[in-house]
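I opened this notebook to keep track of what I looked up, one entry at a time. The structure comes first, and my entries follow.

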Amino acid sequence: MPIPDHPQRYATVNELHARPFPALDVPSTAVYVAIKEPVQAQNRDRTADLAHLLALLDRHGSPHPQPGATHFQGPVGRAALKWESHTEFVTYSAFTRGVSARPFDPAEAEVLPEDWLEAAPGKRLTSVLIRVEAMPDSEEAMLARLDEWFVPESLAVSRVVDGAAVVAGDFRIDPAGHIRFAVFVAPGTGPRRVGRIVQRLCEIETYRAMSMLGLMRSRDLSGRLNGLDPKLSALVSGLDDAGPAPERALHDLLKISAELESLAVQFSFRFGATAAYEAIVNQRIEVLREVRSQGRQTFGEFMMRRYDPAMRTVKSAESRLRAMAERAERAAELLRTRVDVDRSAQNQRLLESMDRRADLALRLQHTVEGLSVVAISYYAVSLAAYLAAPLAKAAGLSKEVLTAALVLPVVGLVWLMIRRIRTRLH
């Protein structure tokens, strides 16, 4: 009997082959669109994405993907469609044979109808037109075409994949709303290699756009941190005795700490995603194995000059948020220590005050005891005088003499009795 398979064995293996590269002939045209919800895209309703895909397939009578699918490939008219659902966005790639007579003609993008795009559950993050054609006979002729098609100041050109092709683009949005790339394919390059190159260009542009969202969010965060930083600095500077009351300062500091923690929760996902997207962009450029073409800047150099500073800004904002949160935490600890010290001093003064009160109470108690001896002795002498009156009369003593003779013994006995009672109580 064969050993049973793990329930996820086939699913994990099939995931490795779920998104194959397209195979593109030369010449051909690629139209690529990435759509993203502006807010909380990672928690979007993915059934709406699938329904949008089905609306396009139904226009062409194309087969449907499996329920719950995250990727699909199939025909839409004379084009081959590739659909992928990612964590934050969905992408549509349409590949058609041949190129238009007019380079980067906006009509090429009509394979993805405009009215259908308007109904998308999200907004257009990026759209790309890629023109794939054979390598010209001379490099000068190729560069002349590129200078005509793109903005020279932003143009990036490089030979890729061991000279299999030359890729070029200026990363600018044309009047029709598309980012444009040109791919000149050397003779003998296979369709799958061409497809991989085109796919890499689409991925570079998509993940570049996604990571740049982190820059927009970091600018918003910097503005909010600029408002909190003076407050935090003022509280930290007032930690000495000249500052405000520790309890009030601690309350204000806890408000700032709570706001910083809220900002960390709001921005942590975007910062983490930006770092991941940046790594993908750099990795995709690296696998192109670029070689400079006649001194033109490569994609890697373009990113180093234009893209890397933006990513450093994002990292700086993230580091600043983390540093301010740590500074607020340290200041809160110092304030708590100061509050504890002040409370200990208050408790010490309270104990000293209680000690003085106890001493006064003891003195008052001694005074009351003396008065008690006198009072008790007065009544005891009176009683004793009444008891001894018959004996005094028989002995011929007057009442005054008898009373005087009883005072000292009675006072002594009362004093001894009270002293014994106090000793027993203590």
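Entry one, the hairpin. I began at the hairpin of strand 2 and strand 3, which has 2 residues between the strands, and I noted that G77 takes a positive phi near 65° there. I am working with a predicted model, in which local features need pLDDT of at least 70 and side-chain atom pairs count only at pLDDT 80 or more, while totals for chains, interfaces and linings use all residues. Residues are numbered from 1 along each chain as its sequence is written, and side-chain values use heavy atoms, with hydrogens and water left out. For helices and strands I follow DSSP runs, numbered from the N terminus (H or I, at least four residues, for a helix; E, at least two, for a strand).

Entry two, the pairing. Strand 2 (residues 71-76) and strand 3 (residues 79-85) run antiparallel and are joined by 6 bridges; two strands count as paired if DSSP finds at least two bridges between them. Within this pair I found G74 opposite L81 of strand 3.

Entry three, the two faces of strand 2. Which side chains of strand 2 are buried? F72, G74 and V76 point to one face and are buried, whereas H71, Q73 and P75 point to the other and are not. Here buried means under 20% relative accessible area, exposed means over 50%, and partly exposed lies in between (1.4 Å probe, protein chains only). I reminded myself that in a regular strand the side chains alternate between the two faces of the sheet.

Entry four, strand 3. A79 belongs to strand 3, and I list A79 as buried because its relative accessibility is 4%. I also looked up how far A79 lies from D170, which is 91 residues away along the chain, and their C-alpha atoms are separated by 26 Å.

Entry five, helix 2. The expected span of a helix is 1.5 Å times one less than its number of residues, so the 15 residues of helix 2 (residues 46-60) should span 21 Å, and the end C-alpha atoms, 22 Å apart, agree with this. In helix 2 the residues D49, L50, H52, L53, L56 and L57 are buried. Seen down the axis of helix 2, these buried residues fall within an arc of 155°, so they line one face of the helix; the arc is that of the directions from the helix axis to the C-beta atoms.

Entry six, salt bridges. I count a salt bridge when a side-chain nitrogen of Lys or Arg is within 4 Å of a carboxyl oxygen of Asp or Glu, and by this rule there are 22.
- D49 pairs with R44, with the closest N and O atoms 2.6 Å apart; D49 is buried at a relative accessible area of 3%, and R44 counts as buried at 11%.
- E84 pairs with K82, with the closest N and O atoms 3.4 Å apart; E84 is buried at 8%, and K82 counts as buried at 5%.
- E301 pairs with R292, with the closest N and O atoms 2.3 Å apart; E301 is partly exposed at 23%, and R292 counts as partly exposed at 43%.
- R131, E133 and R145 are linked in a network of salt bridges.

Entry seven, helix 7. M354 is found in helix 7 (residues 299-394), and I list M354 as partly exposed because its relative accessible area is 46%.
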